[in-house]
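Student: I'm new to this one. Could you take a close look at a single part with me and talk me through how it connects to its surroundings?

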Amino acid sequence: MAEQRRDGREGQDGQDGQGGQDNQGGRAGEARGESGGRAAAVTPDEEARAWDALVAAARRTVSDGLVVGTSGNVSVRVGDTVLVTPTGVPYDRLTPADAVGVDLAGRQVLGMLTPTSELPMHLAVYRATDARAVVHTHAVHATAVSTLVAELPAVHYMSGALGGPVRVAPYATYGTEQLAQHMLRALTGRSACLLQNHGTLAHGATLDQAYDRTAQLEWMCRLWLTASSVPGLSPSLLSPEQVAEAAERLRGYGQPRG
């Protein structure tokens, strides 16, 4: 059944495979009052500012070398709407008129461009967590690590900032619910994971936090690859206790909020 979008045009329900809701995410959504069609009130100005921030973050993934071309994607949640980068459109071409938004069931409610093919991963995160932003990249060093191990070794205490040693989600075809489920399992107790032979995914309370976690993960992967490349030597690793202690200290990192 067609629905009226906010831009006045009619849109179709979400694409096949994008409206399914995992059990864990469904329970989390119901607990936060997101089921039953109740939407949080969001002003057009808030939506516009969030879209501008999303585009800026997406462009930064390119300038920082975390993606090539139109690979990777970024999303931000505003109320019960998920703003997300469109598929196959260079980020430097995006304008305020290109805003794309879907609801938590995957139905497009804003814009005419097709959402990213990785929409199932983004929605799975929002249904299962309190995240407000998600960044997915094809960063070179992180993707390389995803082909070598099942978990990034704890080579640096910043593992604690991501919840502990970063797991690798088993490979599944991009854009599928199977990949989204693999990712959710790898994210248990974590704010980032690696996707085998694919890339990275990180979430946060803000776009800046999700992006910082993405950059930290890529840096740690580069660090481990560099240390592991020295012939005859193996990098020392931190114990679970050391990572947990660092995680506790990192919770209070930064300037106090006044």
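Tutor: Let's follow one strand, E4, and then the core that it helps to build. A word on the ground rules: this is a predicted model, where local features need pLDDT of at least 70 and side-chain atom pairs count only at pLDDT 80 or more, while totals for chains, interfaces and linings use all residues. Residues are numbered from 1 along each chain as its sequence is written, and side-chain values use heavy atoms, with hydrogens and water left out.

Strand E4 covers residues 81–84; helices (H or I, at least four residues) and strands (E, at least two) are DSSP runs, numbered from the N terminus. Thr81 and Leu83 sit on one side of E4, Val82 and Val84 on the other, and all of them are buried, meaning under 20% relative accessible area, with exposed over 50% and partly exposed in between (1.4 Å probe, protein chains only).

Now for the neighbours. E4 pairs with E3 (residues 73–78) in the antiparallel sense, over four bridges; two strands pair if DSSP finds at least two bridges between them. One of the bridges links Val78 with Thr81. The E3 and E4 hairpin has two residues between its strands, and Gly79 there takes a positive phi near 65°. E4 also runs antiparallel to E5 (residues 101–103), joined by three bridges. Thr81 turns up here too, with Asp103 as its bridge partner in E5.

What about the core? A nonpolar core is a set of buried Ala, Val, Leu, Ile, Met, Phe, Trp, Tyr and Cys residues joined through side-chain atoms within 4.5 Å. The largest has 25 residues, and Met121, Val125, Met183, Cys193, Leu195 and Leu201 have the most contacts inside it. E4, helix H3 (119–128), helix H5 (177–186) and strand E9 (192–195) each supply at least two of its residues, and H3 gives the most, with seven. A second, separate core of 20 residues includes Leu83, which is one of the buried residues of E4. In soluble globular proteins, nonpolar side chains tend to be buried together.

Back in the largest core, H3 and H5 also meet each other: Met121 and Val125 are among the H3 residues that meet H5, and Met183 is among those on the H5 side. Met183 touches Met121, Ala124, Val125, Ala169, Cys193, Leu195 and Leu201, not counting residues up to four places away in sequence; contact means heavy atoms within 4.5 Å.
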